[in-house]
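Hi everyone, thanks for coming. I'd like to take you through one model this morning, so please have a look at the screen.

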Amino acid sequence: MRTHNEIATISATDIDQRRREPPFMATATTTTVVCGDVEGSDVERRTLDLLPAALLETIMTKLDVASLCSLASTCKTLQSCVTRVLTFTPNFHVFNVSLSMETVRPLLYPNQQLSSLKLDCGRLGNSAIDILARPSLREISLHNCRDFSGDLISEIGRKCKDLRLLCLGSVAEKVGRSISRCALEDLLNGCSHLEVLALMFDLSLYLRPGDGRIFGLVSDKLTHLELGHISSRMMTQLLTPTEMSGEDSNRVASTVLQNVQQLRLSVDCITDAVVKAISKSLTSLIDLDIRDAPLEDPRQLSDLTDFGLHEINQNGKLKHLSLIRSQEFHPTYFRRVSDQGMLFLADKCLGMESICLGGFCRVTDAGFKTILHSCASLSKFSIYHGPKLTDLVFHDILATTLSLSHVSLRRCHLLTDHAIQKLASSLKLENLDLRGCRNLRDETLKAVSHLPKLKVLLLDGTDISDTGLSYLKGGVLASLVSLSVRGCRNLTDKFMSALFDGSSKMALRELDLSNLPNLTDGAIFALAKSGAPITKLQLRECRLIGDPSVMALASTRVHEDECPGSSLSLLDLYDCGSITQLSFKWLKKPFFPRLKWLGITGSVNRDIVDALARRRPQLQVSCRGEELGNDGEDDWDSADIHQHIEAQEDELEQWILGDEGDVEMEDAEEESEEDVSEED
């Protein structure tokens, strides 16, 4: 019990200090101020009541929404202050929690001064449009809008006339929802001050081939444009002047998009025509990212060739280039691009800072080497599936002036340890992605172990061993934030015992141990015992991992004042062969209070899985093997991997739900136990 002599008082300095602390520290400190049903609670409440409400509210204006909800869940005094603050706070940002309509309405409706809204709309639909589309808003970012129709887009255009940034994800993806051309016209006509526009859904489902011209209505202030999917024909049409009206065509091709500096597109097929149209029309372009995933091998006239690469960067301003052909639907590649195309590209891209190329199956060492030796300012270099790329590309990299910080060489099967030893001479490397390079062995790890700034190391499918990973200890392990060894089938528990023996201070937050057939509960015991503040842990398809691992993780205390298992926000246990219903007892609160993503095999016990999902609606439970914690897009170069998840919204869930729902899950567990008893 906490007595009144131990109670801390709130001050501006205290709150500001909590903001600077890591989220797990901030939450722990906040709980020391909690007024609850404990001895001395009346004294605590009177202590807070002595402070002017205006002072408390002024302090709270410096906090984000998650922190405000943390305070609101502690006592009535702070809850009252938070309620008032939420009526005039300019920013409402909650991404890692999907809020219901009943929660969003009282939080947003009274606020007439809201200027920035960023929300996960996974539990919202058309009935929330009036709350989300506000005339005062200048920034709107709404993710997972599957249950919204085109009415959301139309209302934003009609009401949010002063909007500067708009990002909409997955609109109308739910069956029965649709988007009309008129809705897009309302948006582009109404939001005449847009600077950033991201429509992250498949536009080709709702627009006819000739509808690309409606983007001619877009604001002439637009600098960033991102489209989830659009046909290459429509994009070419948008950027190509027509002779129907000289004034209109000039507006579309020259005036409207000439200020666009960043363009990110997903198209059905990257062609010479679309690359040429982009290069000639977007005269201010600095960042170009185009991806495709053809359903079949493109024909020669509808594919990218050497001549298409020759058209890139006609204005000489391009700094970042990404051209990716995905094999998601069909094993197809840029078969009409050769080393000559790379020579054309290198000649036009001398000032490039980052280059990402995927699916160029005919390009050899000569082509890739030309890029490296021509772009003196290059800091990020990514090749996805380069079947002809060998160690020779990096043989004389020391002769260049390159200072590479991000290198990705995914599925480059001919690479060996020698290439990585050469790359490791760049001591500024921060991100190294070697997934699928199956000929890399322990010498690679010995080479990278001395990189002082390395934060992300991805080794999926390589031929490394326990001995190789032990080289990381005492060196790069102090700076490493994300480590993935998925599918490295030589690994056993030994490397976990060596890395997590508690003797070294670690920055590690994300750890992927999926598909390791020899990994057992003993490895997780070592991790739990070390107290490493891991936020993302993936153990999918580890057949020997079972209930003891879940119990060990649930009991882990990263800090003395923390709740058990407090640091984990993502836990993937999909297809772990020894997980039973016993694990679900440890997945309830108060264990894993930060958990936002959980992967599990639904067949373990569907009733308990469903009860857990209902009890913790803010927890995204996946039973079908989906990859957790991302938006479903594969980031080929891994350059933007988050170092760790900092959003902590568990107190928001607590404030909203209270203790409701425990009985339901307990009933499901009891029924399951009875079934087992009957079988026995």
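**Helix pairs, a core and an aromatic pair**

Let's begin with one helix contact: from helix 15, Asp339, Met342, Leu343, Leu345 and Ala346 meet Ala366, Gly367, Thr370, Ile371 and Ser374 of helix 16. Sorted by class, the residues of this contact between helix 15 and helix 16 are six nonpolar, three polar and one charged. I should say right away that this is a predicted model.

How do the two axes run? Those of helix 15, residues 339–348, and helix 16 come within 8 Å and cross at roughly 10°. Helix 15 and helix 16 are therefore roughly parallel to each other.

Now please look at the loop between strand 10 (354–358) and helix 16 (365–374), where you'll find Val363. Is Val363 buried or exposed? Its relative accessible area is 0%, so Val363 is buried. Setting aside neighbours within four places in sequence, Val363 is in contact with Val337, Ser338, Asp339, Met342, Phe368 and Lys388. Take Met342 from that list: Val363 and Met342 are 21 residues apart in sequence, and their C-alpha atoms are 7.8 Å apart in space. You've met Met342 already, as one of the helix 15 residues that meet helix 16.

Let's go back along the chain to another pair. Helix 5 (residues 65–72) and helix 6 (residues 76–85) have axes that come within 8 Å and cross at roughly 150°. The cut-off for roughly antiparallel is an angle over 145 degrees, and helix 5 and helix 6 are therefore roughly antiparallel to each other. On the helix 5 side the contact is made by Leu68, Leu71 and Ala72, and on the helix 6 side by Leu78, Gln79, Val82 and Val85. By class, that contact has six nonpolar residues, one polar and no charged ones.

How much of helix 5 is covered? Seven of its eight residues are buried. They are Val65, Ala66, Leu68, Cys69, Ser70, Leu71 and Ala72, so you can see there the three helix 5 residues that meet helix 6, namely Leu68, Leu71 and Ala72.

That leads us to the core. The largest nonpolar core has 183 residues, and those with the most contacts inside it are Leu119, Ile156, Phe394, Val485 and Leu513. Helix 5 gives the largest share of this core, five residues.

Let me pick out Val485. Not counting neighbours within four places in sequence, Val485 is in contact with Leu459, Asp460, Ile464, Leu469, Leu491, Phe495, Asp512, Leu513, Ser514 and Leu516. Leu513, in that list, is also among the residues with the most contacts inside the core.

Next, Leu132, which lies in helix 8 (residues 129–132). Leu132 is buried, with a relative accessible area of 1%. Beyond residues up to four places away in sequence, Leu132 touches Leu108, Leu117, Leu119, Cys121, Leu137, Ile140, Leu142 and Phe148. Leu132 and Ile156 are 24 residues apart in sequence and 8.4 Å apart in space, C-alpha to C-alpha.

Last stop, the aromatic rings. How many aromatic pairs does a search of the whole structure find? It finds two. In the pair of Trp586 and Phe591, the ring centres are 5.0 Å apart and the planes are at 45°, so the pair is tilted. Trp586 counts as partly exposed, at 23% relative accessibility. Phe591 is partly exposed too, with a relative accessible area of 21%.

Conventions
Residues are numbered from 1 along each chain as its sequence is written. This is a predicted model: local features need pLDDT of at least 70, side-chain atom pairs count only at pLDDT 80 or more; totals for chains, interfaces and linings use all residues. Side-chain values use heavy atoms; hydrogens and water are left out. Axes are lines fitted to C-alpha atoms, for helices over the stretch in contact, and angles run from 0 to 180 degrees between N-to-C directions. Helices (H or I, at least four residues) and strands (E, at least two) are DSSP runs, numbered from the N terminus. Angles under 35 degrees count as roughly parallel, over 145 as roughly antiparallel, 65 to 115 as roughly perpendicular and the rest as oblique. Contact means heavy atoms within 4.5 Å. Ala, Val, Leu, Ile, Met, Phe, Trp, Tyr, Cys and Pro count as nonpolar, Asp, Glu, Lys and Arg as charged, and the others, Gly among them, as polar. A nonpolar core is a set of buried Ala, Val, Leu, Ile, Met, Phe, Trp, Tyr and Cys residues joined through side-chain atoms within 4.5 Å. Buried means under 20% relative accessible area, exposed over 50%, partly exposed in between (1.4 Å probe, protein chains only). Rings of Phe, Tyr and Trp (its six-membered ring) pair if their centres lie within 6.5 Å; planes under 30 degrees apart count as stacked, over 60 as edge-to-face and the rest as tilted.
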